[in-house]
Amino acid sequence: AIKLEDEYRKVLAERERLDLERRRLLEEKRLAEEEERRRAEKDAMEARTLAEDAVRKAQREAAVREQILQRQKEQLQRERERWIAEAKLKEREEEERKKWW
């Protein structure tokens, strides 16, 4: 009986040790999953920041291109107006020349 009782205590001690080990492993697993989740959130935030930066850069570049196009449009408009004025002037000069002849 004493031998059985001693064996029973050993089995209980081993069961308790295994239970503690199981709880420790579960806690380690929980902590690892939590750390992985935090890392994933951090990576997602960094990716979102990079994407937002890329969008802002693209918007700035688009705004610069728009300004350049606007300046070119204004320059072409001025050149067109100058050509029209020159054509009208030449037309008037031709009419004046025809009047004198």
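Does Glu-94 count as buried, partly exposed or exposed, and at what relative accessibility? Glu-94 counts as partly exposed, at 37% relative accessibility. The points below set that residue in the context of the whole chain.

1. Status of the model. This is a predicted model. The distances and areas in this note are therefore computed from predicted coordinates.

2. Fold. The secondary structure of the protein chain consists of one helix and zero strands. Helix 1 covers residues 2-100. Ala-1 belongs to the segment before helix 1. At 84% relative accessibility, Ala-1 counts as exposed.

3. Overall dimensions. The C-alpha trace spans about 145 × 10 × 5 Å along its principal axes. The radius of gyration of the protein chain is 43 Å, whereas a compact globule of 101 residues would have one near 13 Å.

4. Distances along the chain. Two pairs of residues illustrate the extent of the trace. Ala-1 and Gln-70 are 69 residues apart in sequence, and their C-alpha atoms lie 101 Å apart in space. Between Gln-67 and Val-11, which are 56 residues apart along the chain, the C-alpha separation is 83 Å. Gln-67 lies in helix 1 and is partly exposed, with a relative accessible area of 43%.

5. Burial and surface. Of the 101 residues, 0% count as buried. The cut-off for buried is under 20% relative accessible area. The protein chain exposes about 10000 Å², and carbon and sulfur atoms supply 57% of that area.

6. Charge. There are 30 positive and 29 negative side chains in the protein chain. The centres of the two sets lie 3 Å apart. A search of the whole structure finds 19 salt bridges, and three of them are described next.

7. Arg-22 and Asp-19. These two residues form a salt bridge, with 3.0 Å between the closest N and O atoms. Both lie in helix 1, three residues apart, which is about one turn of the helix. Arg-22 has a relative accessible area of 45%, and Asp-19 has 26% relative accessibility. Asp-19 counts as partly exposed because 26% falls between the cut-offs of 20% and 50%.

8. Arg-39 and Glu-36. A salt bridge joins the side chains of Arg-39 and Glu-36, at 3.2 Å from N to O. Here too the partners are three residues apart in helix 1, about one turn. Arg-39 is partly exposed at 42% relative accessibility, and Glu-36 is partly exposed at 44%.

9. Glu-94 and Arg-97. The residue of the opening question has a salt-bridge partner: the side chains of Glu-94 and Arg-97 meet at 2.4 Å, N to O. Both residues lie in helix 1, three residues apart, or about one turn of the helix. Arg-97 is partly exposed, with a relative accessible area of 42%.

10. A shared network. Salt bridges with partners in common join Glu-27, Arg-30, Glu-34, Glu-35, Glu-36, Arg-38 and Arg-39 into one network. The pair Arg-39 and Glu-36, described in point 8, is linked by a salt bridge of 3.2 Å.

How values were computed
Residues are numbered from 1 along each chain as its sequence is written. This is a predicted model: local features need pLDDT of at least 70, side-chain atom pairs count only at pLDDT 80 or more; totals for chains, interfaces and linings use all residues. Side-chain values use heavy atoms; hydrogens and water are left out. Helices (H or I, at least four residues) and strands (E, at least two) are DSSP runs, numbered from the N terminus. The radius of gyration is taken over C-alpha atoms; the globule rule is 2.2 Å times the number of residues to the power 0.38. Buried means under 20% relative accessible area, exposed over 50%, partly exposed in between (1.4 Å probe, protein chains only). Accessible areas come from the Shrake-Rupley method with a 1.4 Å probe; for residues, only the protein chains shown count as cover. Lys and Arg count as positive and Asp and Glu as negative; His and the chain ends are not counted. The place of a charge is taken as NZ of Lys, CZ of Arg, CG of Asp or CD of Glu. A salt bridge is a side-chain nitrogen of Lys or Arg within 4 Å of a carboxyl oxygen of Asp or Glu.
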